[in-house]
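Visitor: Hey, got a minute to walk me through this one?
Guide: Sure, let me put it on screen.

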Amino acid sequence: MTRSYDALERATEEGRKGALLCVGQPKLAALYAATAGDSSIRLTDEMWQARRQRLQEWRTRFPNSVAAKVALASFPIAYGMFARGTGYGNTVSDEAFKLM
């Protein structure tokens, strides 16, 4: 996630107007999913923490931005899924469950 917060704000404005991606997905839904983080993408913990910091920067720079608030609020869910991993429940460590 780069620090193009102005571009993110413009994209959310387009999304609120009902813009769709070429595959038919609402642009706003895709933006929220992409900014919070996708637990299926192989990121390191360091990369997840950098994402959290950038979401906080976006929220600070645009304090009235609903999109920044939604992305930051969604982050712990995505990070928790990353921390938990993809194994069956009986294979997830106590530490991973605590992070989730």
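Guide: A term to start with: patches are made of residues with over 30% relative accessible area and no salt bridge, and nonpolar side chains are joined within 5 Å. Also, this is a predicted model.

Visitor: OK, so which residues form a nonpolar patch on the surface?
Guide: Ile77, Met81 and Met100 do, and together they have about 310 Å² of accessible area.

Visitor: Where is Ile77 found?
Guide: In helix H4, which covers residues 66–84.

Visitor: And why does Ile77 count as exposed?
Guide: Because its relative accessibility is 62%, and exposed means over 50%.

Visitor: Let's zoom out. How many helices and strands are there?
Guide: Five helices and zero strands. The C-alpha trace spans about 45 × 30 × 20 Å along its principal axes.

Visitor: What share of the chain is buried?
Guide: Of the 100 residues, 30% are buried. The chain exposes about 6,500 Å², with carbon and sulfur atoms supplying 56% of that.

Visitor: What about charges, how many positive and negative side chains?
Guide: There are 14 positive and 10 negative ones, and the centres of the two sets lie 4 Å apart.

Visitor: Switching to Glu9: where does it lie?
Guide: Glu9 lies in helix H1, residues 5–16. Glu9 is buried but has no salt bridge.

Visitor: Which side chain of opposite charge is nearest?
Guide: Arg16, at 5.6 Å from Glu9. A salt bridge has to be within 4 Å.

Visitor: So what does Glu9 touch?
Guide: Leaving out residues up to four places away in sequence, Glu9 touches Trp58, Phe62 and Ser65.

How values were computed
Residues numbered from 1 in each chain as written. Predicted model: local features only at pLDDT ≥ 70, side-chain atom pairs only at ≥ 80, totals over all residues. Heavy atoms only, no water. Helix = DSSP H or I, 4+ residues; strand = E, 2+ residues; numbered from the N terminus. Buried < 20%, exposed > 50% of the residue type's maximum accessible area, 1.4 Å probe, protein only. Lys, Arg positive; Asp, Glu negative; His and termini not counted. Contact = heavy atoms within 4.5 Å. Patch = residues over 30% accessible without salt bridge, like charges linked within 9 Å, V, L, I, M, F, W, Y side chains within 5 Å. Areas by Shrake-Rupley, 256 points an atom, 1.4 Å probe, with all protein chains shown as cover. Charge placed at Lys NZ, Arg CZ, Asp CG, Glu CD.
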